[in-house]
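Trainee: Please take me through the reasoning behind the terms used for this model. I should like each term set against its cut-off.

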Amino acid sequence: MIIRKTAAEVEKMRRSGLLVWEVLQRVTGMIKEGVTTMDLEVTAERMIRDAGARPAFKGYYSPAAGNRFPYVLCTSVNDEIIHGMPNAKRVLKAGDVVSIDTGAQLDGYFGDSSVTIPVGEVSDEVKRLLAVTAEALELGIKQARPGNRLFDISSAIEQHVVSNGFSVVREYVGHGIGSRLHEEPQVPNYVDRRSENPRLKPGMVLAIEPMVNAGRPDCKVLSDRWTAVTVDGKYSAHFEHTVAVTENGPWVLTRP
Ligand code: MG
Ligand code: MG
């Protein structure tokens with residue numbers, strides 16, 4: 001069942017969304033050569049706690065992993081697609097890209113957002129991967145309006161990615177979000193005929209999050225049971241916003 005939010009609930013999600021935005025602003029501002037992904041984690045956790053919020057990911061149980069995620073950030077470097085773990089030994093270097101994904105629960109409601117940032121100078125191909133993924137997210141967001149269907153979002157993302165020669169990850173998808181981090185519906189970044197294609201209505205709130213691989217779409221999970229990586233070892237990018245469907249169109253809750 002898709003839970004539609006009242007205007008008051010969406011306002012609460014706006015507050016958690018802006019907190020997530022602030023955290024991502026701070027943390028992405030720290031990214032440079034020599035910084036470790038654990039440095040980013042420490043800053044993010046302090047900010048979330050200081051705001052009186054609860055980190056969405058730390059302690060999140062995954063049946064697939066069989067345990068709880070131990071960090072407030074997912075930091076996914078280069079060929080890591082999502083769910084990478086902060087590590088004091090992971091020193092960022094020029095040419096890397098790092099996806100920072102985080103969520104927070106404030107006053108009962110969640111926000112969830114991610115961004116992928118280059119470290120120092122990266123290749124033109126990697127610049128293009130980041131640009132196309134960010135553009136795909138914006139094109140998907142534009143479709144999050146009443147009267148459209150869910151696949152209008154999926155299709156906009158998929159077409160942009162594929163027409164630029166990259167590929168969409170299929171094993172992981174976006175999601176509804178509210179008083180739980182993951183709610184119905186699933187929001188695939190491709191048109192999945194086996195999946196539900198509901199009509200979009202005001203009060204639906206969706207985490208739209210294209211995961212785009214430079215090479216093949218195939219992914220696998222590392223022995224830590226969380227980190228998803230590309231099978232071909234090529235880079236992957238991930239951008240995400242929490243978006244409310246309103247009478248007036250999409251409202252991106254995770255940016256000002
Ligand atoms: Mg996320
Ligand atoms: Mg998400």
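The exchange below concerns a predicted model and turns to a metal site, then to salt bridges.

Trainee: What makes D112, H175, E209 and E240 donors of the magnesium ion (ligand 2)?

Mentor: A donor is an N, O or S atom within 2.8 Å of the metal. The atoms concerned are OD of D112, NE2 of H175, OE of E209 and OE of E240, lying 2.2 to 2.3 Å from the ion. These distances satisfy the cut-off, so the four residues count as donors. Along the chain, their spacing reads D-x62-H-x33-E-x30-E.

Trainee: Which parts of the chain does the pair E209 and E240 tie together?

Mentor: E209 lies in the loop between β11 (205-208) and β12 (211-213), while E240 lies in the loop between β15 (236-238) and β16 (241-246), so the pair ties together parts 31 residues apart in sequence. Both E209 and E240 are buried, a term that stands for under 20% relative accessible area.

Trainee: Which residue bridges the magnesium ion (ligand 2) and the magnesium ion (ligand 1)?

Mentor: D112 bridges them, and the two ions lie 3.2 Å apart.

Trainee: Why is the contact between D107 and R15 called a salt bridge?

Mentor: The rule asks for a side-chain nitrogen of Lys or Arg within 4 Å of a carboxyl oxygen of Asp or Glu. The N to O distance for D107 and R15 is 3.9 Å, so the pair qualifies. This pair links distant parts of the chain, with D107 in the loop between β6 (97-106) and β7 (109-118) and R15 in helix α1 (residues 7-30), 92 residues apart. By the same rule the count comes to 13 salt bridges.

Trainee: How do you know that E138 and R255 meet in a salt bridge, and where do they lie?

Mentor: Their N to O distance is 2.9 Å, which is within 4 Å, so the rule is met. E138 belongs to helix α3 (residues 124-142) and R255 to the segment after β17 (249-252), 117 residues apart. The relative accessibility is 31% for E138 and 27% for R255; both values fall between 20% and 50%, so each residue is partly exposed.

Trainee: Why is R216 called exposed, and D218 partly exposed?

Mentor: Exposed means over 50%. R216 has 53% relative accessibility, so it counts as exposed. D218, at 34%, lies between the two limits and is therefore partly exposed. R216 and D218 form a salt bridge, their closest N and O atoms being 3.4 Å apart. Elsewhere, salt bridges that share partners join K12, R15 and D107 into one network.

Definitions and conventions:
Residues are numbered from 1 along each chain as its sequence is written. Chains are lettered from A and ligands numbered from 1 in the order in which they are written. This is a predicted model: local features need pLDDT of at least 70, side-chain atom pairs count only at pLDDT 80 or more; totals for chains, interfaces and linings use all residues. Side-chain values use heavy atoms; hydrogens and water are left out. Helices (H or I, at least four residues) and strands (E, at least two) are DSSP runs, numbered from the N terminus. Buried means under 20% relative accessible area, exposed over 50%, partly exposed in between (1.4 Å probe, protein chains only).
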